[in-house]
Amino acid sequence: MRTPALVVCLLTLLLAAAGVFHALLASSFRIPGLVAAVLLLLAFGALAWLAGHQRERIHDIERALDRSRLRAQAVIDASPDGVVLIRDGRIHQANPAFRALLALPADEEIAGHTFLSLVAEEDRPAVEQWLRRRSEGAVEPAQLTFSGLRRSGARVELEASCALVPSRHGKQLALFLRDLGERRTLELRLRNVTRLEALADVAESLARAFEKVFREIRSLARDPREEIPDTQRLERIDRLATRGSALARRVLQLAPTGLEGPAPPALDTGRLVREVCADFVRTLPPSLSVELEVQTDEPAVVRGDASHLRQAFWHLLQNAAEAQQEGEIRVRLRRLDLDSAGAATRPGSEGRPYLMIEVRDTGCGMSEKVRARAFSPFFTTKGKRASGLGLTMVYGAARAHGGFVELDSNPGQGTIARLALPLSDATLPETRQAPDDATRWRGREMLLVVDDDPSAREE
């Protein structure tokens, strides 16, 4: 387009110069011809000056564009998020964070590769449709979550946002990618730090209670007054020691530490869960029920404290029952085999098999803010009738047994609480044969008989 316009301008100037020269040759038009020649020369000078000025402006704009391009490239290269430019479905440029995100070698040339080849096969149709809609100018959805494929074949969960960027070659898309797994791991670690700080506050209050108990015991042991009988003094010391023992048990339940002393006994956790469910059902109103689903054929053997685990599981059932007025509480037992990658997203876990106990309710659910504080001591949304220590006890039991706890909840969609305990290959001790239905609960009841006739009472 520029070359024909330049040719037309030159031809026009040549024709004008020829007209002026012809006017100078004619005697009757010499003076007007001279004037026209001067004006033509002035026009040529002005045109040359404008061309030079325009050339300087073009050079300034090109230098500014180069500086902007360098700044943009530096920002993209320094971005902690993966950034990739896509044109016609192919990668045009990528920053180092994108290579690190998908474990691509730094010396490998990826320009020209199809972007969908780095996306999990089942997610490719959704990603392709999303990129096409964004290239057409659609603003929804602004973000998309999908699984990326690393060179080793491992998957990484990504969250992508997109921007339409114009270029000299046409439209291109700029994708900004984040590792959701790493972000969730940081969020979980932050929640654990918050829980530990809350537990430290509880430990401080318990330490003060211990100090008061010991101070009273020392006062009784060193009391020089003789009016207190020794038996009374010993009884008071015994009561204080019993209170201190109760405080110690409370500390062990709240502290996120492992079980101390010799190896705890092997427990059939499946049987323990069945027994707790059977006991819990009898406390429920007729509008609520419990359904137990066991998805493992082998005995779920876990080493631990049976009373501690019973109490933790009871708290999970109680929270589920309080979250809904009617319906069904679903309990599921399944095996979870964690590898090193899965353990990295679950703080407190290791790459080993776990028994996963899931308790699902259909209640009102929890917001993100409430879910983040659910394990904090004394935090409750149930008013003054609750102590706020239920889930804290569950968290302490999980950590004491080398497991972890997860909450999956959204407002209006109910809650799924997961208690994971490490499975053991220990052998269960021999147990007595299970009684039949007629004698199953014999010996667990207590009957109170009131009658003024001794013979009737004995009968």
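This note goes through several local features of the structure, which is a predicted model.

1. The largest nonpolar core is a good place to begin. This core holds 37 residues, and those that touch the most other members are Phe313, Leu317, Val331, Ile357, Val359 and Leu419. At least two residues of the core come from each of the helices α7 (269-281), α8 (306-323) and α11, and likewise from each of the strands β9 (327-337), β10 (353-361), β11 (404-409) and β12 (415-422). Helix α8 supplies the largest share, which amounts to seven residues.

2. A second core, of 24 residues, lies apart from the one just described, and among its residues are Ile110, Leu118, Leu144 and Leu175. As general background, nonpolar side chains in soluble globular proteins tend to be buried together.

3. Val359 gives a closer view of the largest core, where it is among the residues that touch the most other members. If residues up to four places away in sequence are not counted, Val359 touches Phe313, Leu316, Leu317 and Ala320, then Ile329, Arg330 and Val331, and also Thr415, Ile416 and Ala417.

4. Helix α11, which spans residues 390-400, is mostly covered, with 10 of its 11 residues buried. The buried residues include Leu391, Met393, Val394 and Tyr395, and Gly390 and Ala400 are buried as well. After α11 comes Gly402, whose phi is positive, near 80°.

5. The structure holds two aromatic pairs. In one of them, the ring centres of Phe280 and Trp314 are 5.0 Å apart and the planes stand at 85°, so this pair is edge-to-face. Because Phe280 lies in helix α7 and Trp314 in helix α8, the pair ties together parts that are 34 residues apart in sequence. Phe280 is buried, with a relative accessible area of 3%, whereas Trp314 is partly exposed, with a relative accessible area of 28%.

6. The other pair is formed by Tyr354 and Phe404, whose ring centres lie 5.3 Å apart with planes at 65°, so this pair is edge-to-face too. The pair links distant parts of the chain, since Tyr354 belongs to strand β10 and Phe404 to strand β11, 50 residues apart. Tyr354 counts as buried because its relative accessibility is 0%, and Phe404, at 4% relative accessibility, also counts as buried.

7. Asp361, which has its place in strand β10, deserves a separate remark. This residue is buried yet has no salt bridge, and the nearest side chain of opposite charge, that of Arg360, is 8.9 Å away. A polar atom of the Asp361 side chain does, however, lie 2.9 Å from the backbone nitrogen of Gly363. Leaving aside neighbours within four places in sequence, the contacts of Asp361 are with Ala320, Ala323, Gln324, Gly414 and Thr415.

8. Two residues other than glycine with a positive phi should also be pointed out. Asp88, with a phi near 60°, is found in the loop between β1 (82-87) and β2 (90-94). Asp88 counts as exposed because its relative accessibility is 75%. Ala103 has a positive phi of about 55° and lies in the loop between α3 (96-101) and α4 (124-135). Ala103 is partly exposed, with a relative accessible area of 43%.

Conventions: Residues are numbered from 1 along each chain as its sequence is written. This is a predicted model: local features need pLDDT of at least 70, side-chain atom pairs count only at pLDDT 80 or more; totals for chains, interfaces and linings use all residues. Side-chain values use heavy atoms; hydrogens and water are left out. Buried means under 20% relative accessible area, exposed over 50%, partly exposed in between (1.4 Å probe, protein chains only). Helices (H or I, at least four residues) and strands (E, at least two) are DSSP runs, numbered from the N terminus. A nonpolar core is a set of buried Ala, Val, Leu, Ile, Met, Phe, Trp, Tyr and Cys residues joined through side-chain atoms within 4.5 Å. Contact means heavy atoms within 4.5 Å. Rings of Phe, Tyr and Trp (its six-membered ring) pair if their centres lie within 6.5 Å; planes under 30 degrees apart count as stacked, over 60 as edge-to-face and the rest as tilted. Lys and Arg count as positive and Asp and Glu as negative; His and the chain ends are not counted. A salt bridge is a side-chain nitrogen of Lys or Arg within 4 Å of a carboxyl oxygen of Asp or Glu. A polar contact is a pair of N or O atoms within 3.5 Å; within protein, one must be able to donate a hydrogen and the other to accept it, and residues adjacent in sequence count only if both atoms are side-chain atoms.
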